[in-house]
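Let's take a friendly walk through a protein model, one spot at a time. Have the sequence and the 3D view ready, and look for each place as we reach it.

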Amino acid sequence: MPKNRNKAADRDTQGKIPGRPGAEAPSLAEPVEPRDPLPPKPDQRGPGPFTPTGQPSGETAQTRAQGGEFLTTATGTRLPDTDHSLKAGPRGPTLLRDHHLREKITHFDHERIPERVVHARGAAAHGIFRGYGTAASLTRAAFLAKDVETPVFVRFSTVLGSRGSADTVRDTRGFATKFYTSEGVFDLVGNNIPVFFIQDGIKFPDVIHAGKPHPDREIPQAQSAHDTFWDFVSLHTEATHHTIWNMSDRGIPRSYRMMEGFGVHTFRLVAEDGGTVLVKFHWKPKAGVHSLVWEEAQLLGGIDPDFHRRDLADAIEAGGFPEWELGVQVFPDSEEQTYEGIDLLDPTKIVPEELAPVQPIGLMTLNANPVNYFAETEQVAFHVGHLVPGIDVTDDPLMAGRLFSYLDTQITRLGGPNFDQLPINRPHAPVNDMLRDGMHQSAVHAGAAPYRPNSLDGGCPFHAPDGYIEAPFPVEAGPRGRLAPASFDDHFTQPRLFWLSLSPTEQEHVIAAYTFELSKVYEQAIKERQLLVLARIDPVLCQEVAAGLGLPVPDGAPEGDPEPSPALSQVGESWPTAGRVIGIVAGDDLDAVRTARQAVLEGGMVPLVIAPAGGVLPGEGEPVSVQRTFAAARSVEFDAILVAGAPEPAADAQGVRDAKAGVGGAVDPRVVLLLGEAYRHAKPIGGWGDAQEVFDAAAIPAGAPGVVTGDAAAAVLEKVTDLLARHRVWERFPSTLG
Ligand code: HDD
């Protein structure tokens with residue numbers, strides 16, 4: 001192993017295409033010239049014009065962190081050597097007086113901070129929010145006015161897993177947005193599921209203790225498929241609605257870019273004239289709402305545990321900026337705080353979009369990746385109490401718990417009360433807060449009077465007449481007690497509403513998910529109790545899961561008679577295909593690979609060329625680089641696959657071994673697997689030339705739905721793109737329920 005091999009050298013050899021004009025010969029020696037900035041990866045655009053904190057210009061945290069070309073100590077003394085500790089003679093002993101050694105090791109020993117107690121694993125991006133002005137009559141919030149542009153930072157996450165867990169587990173996804181508005185920071189800390197497991201913040205430790213790994217063996221990681229989770233949710237039936245969303249395809253999103261986001265709680269908007277309305281916030285992804293199928297999610301857990309992270313970062317780096325519209329459902333701010341009989345203070349209830357349409361109020365575009373994961377994605381601190389004038393909370397008892405928890409948790413996680421001074425958390429509005437000192441204070445406060453009233457600092461800071469005022473909504477007084485309203489007792493009407501709104505294919509996925517999860521439960525009594533819960537949602541759901549578990553169907557009848565809400569199904573709509581990933585298996589028709597690749601790019605999609613070996617495809621014309629070899633490609637990465645004729649046999653060790661053993665016939669078995677999985681997962685497939693040979697080898701039936709063959713690459717791609725607009729070829733999942 002060469003002593004000085006470093007990451008820059010790796011990137012150099014991987015990022016340049018060997019044999020291309022201008023490519024440097026690979027070298028094992030460490031570069032000695034500074035290199036700033038790093039070159040973008042092939043086919044990718046550079047980051048947008050924003051600094052790491054979204055601030056428009058000036059000195060950034062990054063330039064403060066790294067200045068000058070030479071290695072120094074933390075206090076700026078230049079160092080000539082960081083590879084050898086200070087010794088008495090070449091064979092030691094090592095001397096305690098080596099400050100550089102001790103500083104380096106001590107800092108390293110303390111590099112980790114406690115991970116978030118929930119939502120530990122996440123990925124984030126910077127962007128811009130632009131108000132449409134449609135909410136201007138509802139709220140005085142300046143960032144929602146027409147054409148006002150506000151920098152944002154969004155962190156997506158799973159809930160249960162540790163920082164190093166896989167992205168594609170079945171779980172709720174966090175969708176937390178920090179708006180750096182001119183009036184202070186507004187945090188919308190939501191999820192991709194519009195309801196929550198519990199109705200009162202006091203239950204949060206219970207549901208999380210139940211969902212996290214068992215305390216004795218610390219397994220399973222990032223899963224709800226275990227005894228304590230199902231023990232809790234089967235007993236605590238207000239969790240039924242959130243749980244059925246988790247068991248649906250919403251629990252395994254295709255991409256962070258293809259998830260809806262929900263503020264969950266009802267908020268109160270306050271207009272310039274003091275008038276108020278109640279609202280629920282929704283994020284609607286421009287790319288559509290799409291999910292993985294369960295087998296893909298499981299495969300990805302091994303093949304690419306960073307799938308969602310990579311997908312988000314790659315899309316942004318390639319210039320395919322993900323977008324969401326922010327919308328609100330608007331309700332009168334009535335004394336009852338209900339709408340069409342639905343309690344707006346109950347976070348386990350939705351208001352169907354058919355009853356209260358989502359009205360768009362702005363557009364968010366994520367256009368820059370974080371520069372440093374720790375400084376930004378890890379250290380960002382959200383808080384539901386970060387509100388701006390014009391946006392207020394309601395008395396939802398879940399929100400009450402959250403208003404306490406988010407501030408409290410940062411003090412442990414970020415080591416003290418000054419986390420708002422970290423670059424990623426700093427407001428873009430002026431701060432004059434009279435908060436002083438404390439751990440990690442990085443501000444040098446001037447003045448003698450951090451108190452009010454004062455005369456020594458000329459009375460400054462002054463009260464702001466246009467500052468944040470809590471809406472003077474009357475509080476309903478009653479006897480003190482640990483209470484809940486009677487409306488909170490209905491735990492089953494809305495889970496049934498959700499079930500009835502799904503297509504038969506989606507219902508089958510729900511049945512499969514409950515069956516899988518409960519099969520992993522050891523305690524028979526827990527499974528039986530959960531079947532009782534399912535009986536109260538729907539008899540078919542209960543029967544099918546009971547059959548899968550080999551248990552008797554319990555007595556019980558569905559509760560409530562809700563109207564289905566078609567908006568809850570992911571099947572049926574057509575969506576834009578921009579940003580979807582198309583695998584192109586390079587076969588004997590290389591010109592067609594070029595044509596197809598170009599057409600995919602022109603369609604705003606991402607072509608990944610799959611070939612027997614890496615490097616550049618042979619032949620005339622513009623060189624086409626290979627992004628995936630047969631050894632590295634799996635179908636889970638692609639939304640659709642094109643086959644450009646029959647591929648050459650692979651010459652890598654596995655390919656040669658397979659060919660000698662006659663495995664897979666004329667077609668490389670890894671291509672057979674790729675196509676077979678894509679077919680099984682209902683992905684559009686296209687091919688031309690001798691592609692039929694490959695389809696036959698993969699046992700794809702002739703004339704199967706969503707398999708397009710033709711003479712010309714462009715025509716095949718056009719049909720595949722049409723199929724992709726529906727995300728999957730749903731006909732390949734024939735349902736017995738429909
Ligand atoms: Fe929470 C983090 C979303 C209920 C306590 N929560 C956290 C994050 C998201 C949510 C997206 C990750 C933020 C990030 O990326 O840094 N949480 C929700 C939603 C809820 C909810 C949508 C219900 C509607 N949470 C909830 C309750 C409590 C908490 C009821 C406590 C009473 N949540 C926390 C926390 C976390 C957190 C312990 C962990 C890390 C953090 O706050 O910063 O305070």
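Does Asn191 count as buried or exposed? Asn191 counts as buried, because 24 C-beta neighbours lie inside 10 Å and the cut-off for buried is 20 or more. Please keep in mind that this is a predicted model.

**The annotated active site**

The UniProt annotation "active site", from an unreviewed entry, covers His119 and Asn191. These residues are spread over 73 residues of sequence, yet they cluster in space, with a largest C-alpha distance of 10.5 Å. Asn191 sits in strand β4, while His119 lies in the loop between α3 (99-109) and β1 (122-131). His119 also counts as buried, with 22 C-beta neighbours inside 10 Å.

Who touches whom? Not counting residues up to four places away in sequence, Asn191 touches Thr172, Arg173, Gly174, Phe175, Phe262 and Val264. With neighbours within four places left aside, His119 is in contact with Ser157, Val159 and Gly174.

**Around the ligand**

Which residues come nearest to the ligand? Of the 26 residues around the ligand, they are His119, Arg155, Gly174, Val264 and Gly401. By class, this shell has 13 nonpolar, 10 polar and three charged residues. Several elements each supply at least two residues of the shell: β2 (149-158), β3 (173-181), β4 (184-191) and α10 (397-413). Helix α10 gives the most, with six residues.

**The annotated binding site**

A further UniProt annotation, "binding site", also from an unreviewed entry, covers Arg116, Arg155, Phe204, Arg402, Tyr406 and Arg413. Let's look at two of them. Tyr406 has its place in helix α10, and Arg413 is in helix α10 as well. Tyr406 touches Phe382, His383, Val384 and Gly385, not counting residues up to four places away in sequence. On the same basis, Arg413 touches Ile113, Pro114 and Arg116.

Here is how the residues we have visited are surrounded:

| Residue | Other C-beta atoms within 10 Å | Class |
|---|---|---|
| His119 | 22 C-beta atoms | buried |
| Asn191 | 24 C-beta atoms | buried |
| Tyr406 | 17 C-beta atoms | partly exposed |
| Arg413 | 16 C-beta atoms | partly exposed |

**The annotated domain**

UniProt, in an unreviewed entry, lists residues 72-460 for "domain: Catalase core". Over residues 72-460 the chain is 21% helix and 21% strand, and the end C-alpha atoms are 41 Å apart.

**The nonpolar cores**

In soluble globular proteins, nonpolar side chains tend to be buried together. In this model, the largest nonpolar core has 99 residues, and those with the most contacts inside it are Val154, Val510, Tyr514, Leu534, Leu541 and Val545. Why does this core lie between domain 2 (122-201 + 235-421) and domain 3 (492-568)? It does so because both domains give residues to it.

Pick out Leu534 for a closer look. Leaving aside its neighbours within four places in sequence, Leu534 is in contact with Tyr514, Leu541, Cys542 and Val545. A second, separate core has 50 residues, including Ala640, Val643, Ala646 and Val707.

To finish, try going back to His119 in your 3D view: the UniProt annotation "active site" covers this residue, and His119 is also one of the residues that come nearest to the ligand.

Notes:
Residues numbered from 1 in each chain as written. Predicted model: local features only at pLDDT ≥ 70, side-chain atom pairs only at ≥ 80, totals over all residues. Core = buried A, V, L, I, M, F, W, Y, C linked by C-beta atoms within 7 Å. Buried ≥ 20, exposed ≤ 12 C-beta atoms within 10 Å, placed from the backbone. Domains from an automatic or database assignment. Contact = placed C-beta atoms within 7 Å. Near = placed C-beta within 6 Å. Helix = DSSP H or I, 4+ residues; strand = E, 2+ residues; numbered from the N terminus. Nonpolar A, V, L, I, M, F, W, Y, C, P; charged D, E, K, R; others polar. UniProt positions renumbered as here; feature names shortened; annotations may be inferred.
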